[in-house]
Amino acid sequence: MRSKKSVPAILAALLLLLTACKAKEPEPYQTQFMAMDTIMTLTLYGGDAQSAAALGVQRVQELEALLSVTAEGSEIHRVNCAGGQPVELSEDTRKLLEDALALCAATDGALDVTMYPVVRAWGFTTGEYRVPDSAELSALLGHVDYTSVSLEGSALTLPAGMELDLGAVAKGYAGEQLMELFAGAGVTSAIVELGGNVQALGAKPDGSPWRVAVQSPDGGGYAGVLEITDKAVVTSGGYQRCFEQDGETYWHIMDPATGCPARSGAVSVTIVTDRGVEADGLSTALFVMGRERAAAYWKEHPEFDFILIGEDGSVTVTQGLETSFSLLGSWAGSPLEIIRR
Ligand code: ADP
Ligand code: MG
């Protein structure tokens, strides 16, 4: 009798143990560090997460050393001091510049990798903010023109007086490179946050999508949440870096047509797509374009989706995010427009 009773008891205990094991999420490995002027967080599951993360940190630091526009030893700095002479680029810089130039052309110059003299004049790289007058801006805009960047093989020639800045796409490239590195190291599931850039490898370990918050442009809190798998989610927001003077707010996203902070009606643009570089470049470009131009661009380029928050509090979302994006908290009642092809 006693032995008969104990069999189901043992089975039940085993089952309990098994379900307990199953319900327990695997522990992530997480690391946080400063690079590219922002806080970066890497979260990885599976494989040898810890050594993959260490390689990831190293890779980002290597890219920063190449791409920084302010660090004296960087490749970009060398390019900007070349005085019109050709410079041989590393493979990373060459690839990124090639993709960035394609985005400059596709967006009709809303993204322009030669905006640096203007960005510097406003003080965004030094923190010594000022409002340049229109004579100064028009002189500086004479040195802004991505179509005069010549890239032949790995040889870059920049006209004397022009300067290159890949700041609008560098974190996107870093995100892409991290995904490649992690996948190669056997990591099955990872999410990285590089300032306003998020990129995910696969889904969460339990197979469910990652939940990525979209910041509220009015300061604290979140405007919404997105569910994604294997995507880059990049936000460009006027609130991220800005200063105030005489009651006017000036931010770091510049309209190459005017040399002034872009006033398109957008206060935040989030791009969702497979590639980090595209997500990053387009978040800047669509911010410059504003809602109408952004919608027209999206209709002609099917490979991404966006969320645009307007100065008037309106939220515009493209069709592909209809079921994966929801507004949160006080934003839940905001007018939400879905645009379709
Ligand atoms: P963040 O770097 O804050 O994530 P973005 O990806 O939008 O923001 O990039 C903005 C940076 O790119 C600016 O700090 C500036 O260096 C540069 N930049 C600003 N406006 C433009 C533009 N229209 N085209 C290319 N680069 C830009
Ligand atoms: Mg960008």
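This tour moves through a predicted model of one protein chain with its bound magnesium ion, one selection at a time.

**The whole chain**

Begin with the entire protein chain displayed as a cartoon. The secondary structure comes to eight helices and 19 strands. Along the principal axes, the C-alpha atoms of the chain fill a box of roughly 100 × 45 × 35 Å. If the surface is switched on, it may help to know that buried residues make up 50% of the 341 residues. Consider also the contacts in the chain with a separation of 6 or more: residues 24 or more positions apart account for 59% of them.

**The magnesium ion**

Next, select ligand 2, the magnesium ion, and display the residues that coordinate it. Which atoms are the donors? They are the O of Ala168, the O and the OD of Asp280, and the OG1 of Thr284, at 2.3 to 2.7 Å. Written along the sequence, the donor residues follow the spacing A-x111-D-x3-T. The pair of alanine 168 and threonine 284 links distant parts of the chain, the two residues being 116 residues apart. Alanine 168 is in the loop between strand E5 (155-157) and helix H7 (170-184), whereas threonine 284 belongs to helix H8 (residues 276-300).

Are these two residues buried or exposed, or something in between? Alanine 168 has a relative accessibility of 24%, so it counts as partly exposed. Threonine 284, with a relative accessible area of 15%, is buried; the cut-off for buried is under 20%.

**Helix H7**

From alanine 168, continue along the chain into H7 (170-184). This helix has 15 residues and reaches 21 Å from its first C-alpha to its last, close to the 21 Å expected at 1.5 Å a residue. Now colour its buried residues: Ala170, Gly172, Tyr173, Ala174, Gly175, Glu176, Gln177, Leu178, Met179 and Phe182. What covers them? The covering elements include strand E2 (38-45), helix H2 (49-67), helix H4 (91-106), strand E6 (189-194), strand E7 (197-201) and H8. After the helix comes glycine 186, which has a positive phi, near 85 degrees.

**Helix H4 and its two partners**

Select H4 together with H2. Their axes come within 10 Å and cross at roughly 75 degrees. The two helices are therefore roughly perpendicular to each other, since angles of 65 to 115 degrees count as such. To view the contact, show Arg59, Glu62, Leu63, Leu66 and Leu67 of H2 with Asp92, Thr93 and Leu96 of H4. By class, the residues of this contact are four nonpolar, one polar and three charged.

Keep H4 on screen and replace H2 with H8. Here the axes are 10 Å apart and the packing angle is about 0 degrees, which makes H4 roughly parallel to H8. On the H4 side, Leu96, Asp99, Leu103 and Ala106 take part; they meet Val277, Glu278, Gly281, Leu282 and Tyr297 of H8. This contact has six nonpolar, one polar and two charged residues. Leu96 appears in the contact of H4 with H2 and again in the contact of H4 with H8.

**Two residues with positive phi**

Select methionine 36 in the loop between strand E1 (29-35) and E2. Its phi is positive, about 50 degrees, although it is not a glycine. Methionine 36 is buried, with a relative accessible area of 14%.

Then select aspartate 108, found in the loop between H4 and helix H5 (116-121). Aspartate 108 also is not a glycine, and its phi is positive at about 55 degrees. Is aspartate 108 buried or exposed? Its relative accessible area of 63% makes it exposed.

**Two serines in loops**

Move to serine 264, in the loop between strand E14 (260-261) and strand E15 (266-273). Serine 264 is partly exposed, with a relative accessible area of 24%. Leaving aside residues up to four places away in sequence, it touches Phe287, Val288, Met289 and Gly290. For a distance exercise, choose the C-alpha atoms of serine 264 and alanine 102: they are separated by 23 Å, and the residues are 162 apart along the chain.

Finish at serine 334, in the loop between strand E18 (325-327) and strand E19 (336-339). Serine 334 is buried, its relative accessible area being 17%. With residues up to four places away in sequence again excluded, serine 334 touches Gly313, Val315 and Leu327.

Terms used. Residues numbered from 1 in each chain as written. Chains lettered and ligands numbered in written order. Predicted model: local features only at pLDDT ≥ 70, side-chain atom pairs only at ≥ 80, totals over all residues. Heavy atoms only, no water. Donors = N, O, S within 2.8 Å, 3.2 Å for Na, K, Ca; no water. Helix = DSSP H or I, 4+ residues; strand = E, 2+ residues; numbered from the N terminus. Buried < 20%, exposed > 50% of the residue type's maximum accessible area, 1.4 Å probe, protein only. Expected span 1.5 Å × (residues − 1). Contact = heavy atoms within 4.5 Å. Axes fitted to C-alpha atoms, helices over the stretch in contact; angles between N-to-C directions. Parallel < 35°, antiparallel > 145°, perpendicular 65-115°, else oblique. Nonpolar A, V, L, I, M, F, W, Y, C, P; charged D, E, K, R; others polar.
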